[in-house]
Amino acid sequence: MSTPYNEDTPSHPHKQHLVRSLGFLDIMMIGIAGLVGGGIFVLTGPAIGLAGGAVIIAFIINAIITLFTAMGYAELGSAIPEAGGGYLWVREGLPRPNAFISGWMAWFAHIIAGSLYAVGFGSFLFSLLKTIHILGDHPLFGIFPFDKLIAVASIAAFTYINVKGVSETSKVGIIVTIFQLGTIAALIGAGFWTIYTHSNWSVNFANLIPNGVGGIVAAMGLTFITFEGYEIIVQTGEEVKNPKKNIPRAIFTSLAIVVVLYCLIAFVSIGAIFPKDIPSWKFIGHYGDLGITKAAELFLPYGAFVVIIGGIVSSLAALNATTFSSSRVSFAMGRHYNLPHQLSSIHSKFKTPYVAIVISGVVMAVVAYTLPLDQIAVAAGVIFLLLFTQVNIAVINIRRIYGDKLSYGFKIPLFPIIPITGVFLNLGLALYLLATQPLSWGITALWILIGFALYRMYTFKKEIEHYAPLVTSEGDLTRKEYRILILYTPDNPDRLIKYAIRVAKEKDGEVDVLRILTVPDQTPLSAGIAFADAARKSFEPLEKMLEQENILTHCLFRISHETTEAVLATIEEQKIDLVITDFEIYRNNRALQTLATCDVLAIRTTGDDITLFEFSDESERLNLSQGIKKNMVVLYDDRGDHSDLVLKATSWLEHSGKFNVSVLAVNKKHEINNARDTKEFEDPIAEDSKRKEYLEQVGVEFNEIYLSEETSKSSEKSANLILSAVNASQPDLVVTGATVGRFSFYLF
């Protein structure tokens, strides 16, 4: 887990950092280059063929949809401005292995995008050179296609520029992007002049939606990915001055400029041409990728030449931006040992991640030269949509984990409605591509499977080795299927062990005891090895206690800079099913609450209210000897999170003999009635009987509370009714799952 960003104190003081040398103009131009790409000349024509004049509506809707995710990028880019962008935030806000998979996908998608821009540049330049008779149709030596060689050469050139330094990359990017905007402005200006001189231009928009809503949706699916270049902006996070202010401004400014440009190019291309016997939109659509080129020939002298030049420059600008962004993803993954650590090396003179740049450039060149990019390009679109889905979820979780500890330059309004909407919109568009381009999903799934296999076989081991290495492991060689983890605390080492014993006996499981030695960020983890012998000896009393109970046990000793990192690594590595921990520790650790991938049983083991196996004072011992027990109320919702675990925990706690246990089942009248009418579920009465029978076996009282449809829609009304029913039992302890009804519990 990272420390919240502070501009004066790097969030990773033990790592090498890039130099903050980029200003607002620099990163805005990077964003424009990535957003425009070559798509404004290549994709606009086919989109017009699908939607006609309504392609402008498609662009605007795409921009609105994009805005939901762009706001998440603006918030996190201002609060956690480091190289890696979406990959880094997924690492902070989602459980393993989401971080590696998201980075693996993002790196691939940026490389594919860069390869496309390089191939587009090669095609445009080759066409121009053929037009002026410098090159012919035959490949070099009859083997090497000229357009592919030009693509590889362009990748090599921008790889070199990126290695030389961020300022050089930025200067070249600004020059190329300004030239790019100039060619686009020339087309728009000429188009508006033609429209001004033809009073009947409006007839080109008389049939605004020629192919209906379906045509608009198809155009949206084709062009949506062109509006996602803001992912490139956040990759500059570690190299931009005043990121809290500049990153959100650059995202929103570049997105607004590019949406206007796309709409204007579409407008003038349709409105400024008057072909015979065919509507202008259909004329453009007929020529597909060359539609804008053919339209430009009709309203601008040397229009085709201008479009070719514009395509060349746009492809170069986008190639420069994606070369930069792909290297920053691999650099961040190397920094976190999700890819070979050498990728995080920084050049001593140029202060750039030169290894990551060169490796990304080599892979990009191989892809550009060897692979058919049409279907792979659509797969890159699917990958970006899945990445954006993860980032929207991470936005919600990071707010919950860090709260006010992060300093935001921009915060999403209407939180969490905006990111939740972003999740559904991105998934919806991804599913649309599944229906229309199924091969793209096949390629995506294959790439994810390759990444997951790499993660399990190599990456995860390397990550743990460098973030939470296992110094010693003691215990039985055999393993049980069900595994319980408890955290060793030196001041009271056996306070949770009896709970673990009770669960292990019921589940026929094993108990793993984890001791963590945390060291400061500046101290190497190898310093903790000196404590290995002491750790082994400290486990001996616990091992004897577990052996007496005939419980299989393992004792683990890890060193880490961060306790939660070590716990999460152990959960993943040891395939833990249940963590038993102290309630106060769990309540104050929002990262563990959010990122743990197993069940958690949090128990308050000090004070008077929930001490089950230890006597906190003499009066409590006297109460138990006189048969005076505490009251425990269990809130149970059979459709809530962890509902099965709630009943099991009830059984475990009741076994101590210190509680009068009653279960309060929360039912919703309207759902029960619907279940009876539709027979969608089993008979609710029979289900209640099963629950009662189970609970009677463990000796607890079973009660029910019914929520009406109106009450269940209101958190306040539901809470008041449930609390009234709970308080009627005068409980000393309340046990509940993560949710009751439609509402969640949060530990503050």
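**Buried elements, cavities and salt bridges in a predicted model**

Cys263 is buried, at a relative accessible area of 13%, where buried denotes under 20% relative accessible area, exposed over 50% and partly exposed the range in between (1.4 Å probe, protein chains only). Cys555 likewise counts as buried, with a relative accessibility of 0%. Disulfides, defined as pairs of cysteine sulfur atoms within 2.5 Å, number zero in the structure.

The model is predicted, so that local features require pLDDT of at least 70 and side-chain atom pairs count only at pLDDT 80 or more, whereas totals for chains, interfaces and linings use all residues. Residues are numbered from 1 along each chain as its sequence is written, and side-chain values rest on heavy atoms, with hydrogens and water left out.

Helices (H or I, at least four residues) and strands (E, at least two) were taken as DSSP runs numbered from the N terminus. Strand β2, residues 483-487, is mostly covered, with five of its five residues buried. In a regular strand, side chains alternate between the two faces of the sheet. Both faces of β2 are covered: Arg483, Leu485 and Leu487 are buried on one side, and Ile484 and Ile486 on the other. Strands were treated as paired if DSSP finds at least two bridges between them. Strand β2 runs parallel to β3 (residues 510-518), to which five bridges join it; within this pairing, Val511 of β3 is the bridge partner of Ile484. Three bridges join β2 to β5 (residues 578-582), also in parallel orientation, and Ile486 stands opposite Ile580 of β5.

Leu487 of β2 also belongs to the lining of the largest cavity, together with Thr489, Arg495, Leu496, Thr581, Asp582 and Ile585. A cavity is here a set of points, on a 1 Å grid over the protein atoms alone, where a 1.4 Å probe fits but cannot get out, and lining residues have an atom within 4 Å of a point. Grid points are joined across faces, edges and corners, and a volume is the space filled by probe spheres set on the points. Three cavities of 30 Å³ or more are present, and the largest encloses about 50 Å³. Its lining comprises three nonpolar, two polar and two charged residues, with Ala, Val, Leu, Ile, Met, Phe, Trp, Tyr, Cys and Pro classed as nonpolar, Asp, Glu, Lys and Arg as charged, and the others, Gly among them, as polar.

Salt bridges, in which a side-chain nitrogen of Lys or Arg lies within 4 Å of a carboxyl oxygen of Asp or Glu, number 15. Glu75 pairs with Arg399, with the closest N and O atoms 2.9 Å apart. This pair connects distant parts of the chain, since Glu75 lies in helix α4 (residues 55-79) and Arg399 in helix α16 (residues 373-402), 324 residues apart. Glu75 is buried at 0% relative accessibility, as is Arg399 at 16%.

A second salt bridge joins Glu82 to Arg335, with a closest N and O separation of 3.4 Å. Because Glu82 lies in the loop between α4 and α5 and Arg335 in helix α14 (residues 303-335), the pair ties together parts 253 residues apart in sequence. Glu82 is buried, at 3% relative accessibility.

Helix α5, residues 86-93, is mostly covered, with eight of its eight residues buried. Among them is Arg91, which is linked with Arg96, Glu463 and Glu565 in a network of salt bridges.

Key: 1 Å grid on protein atoms, 1.4 Å probe; cavity = no way out; pocket = protein on both sides within 12 Å on 5 of 7 lines; lining within 4 Å.
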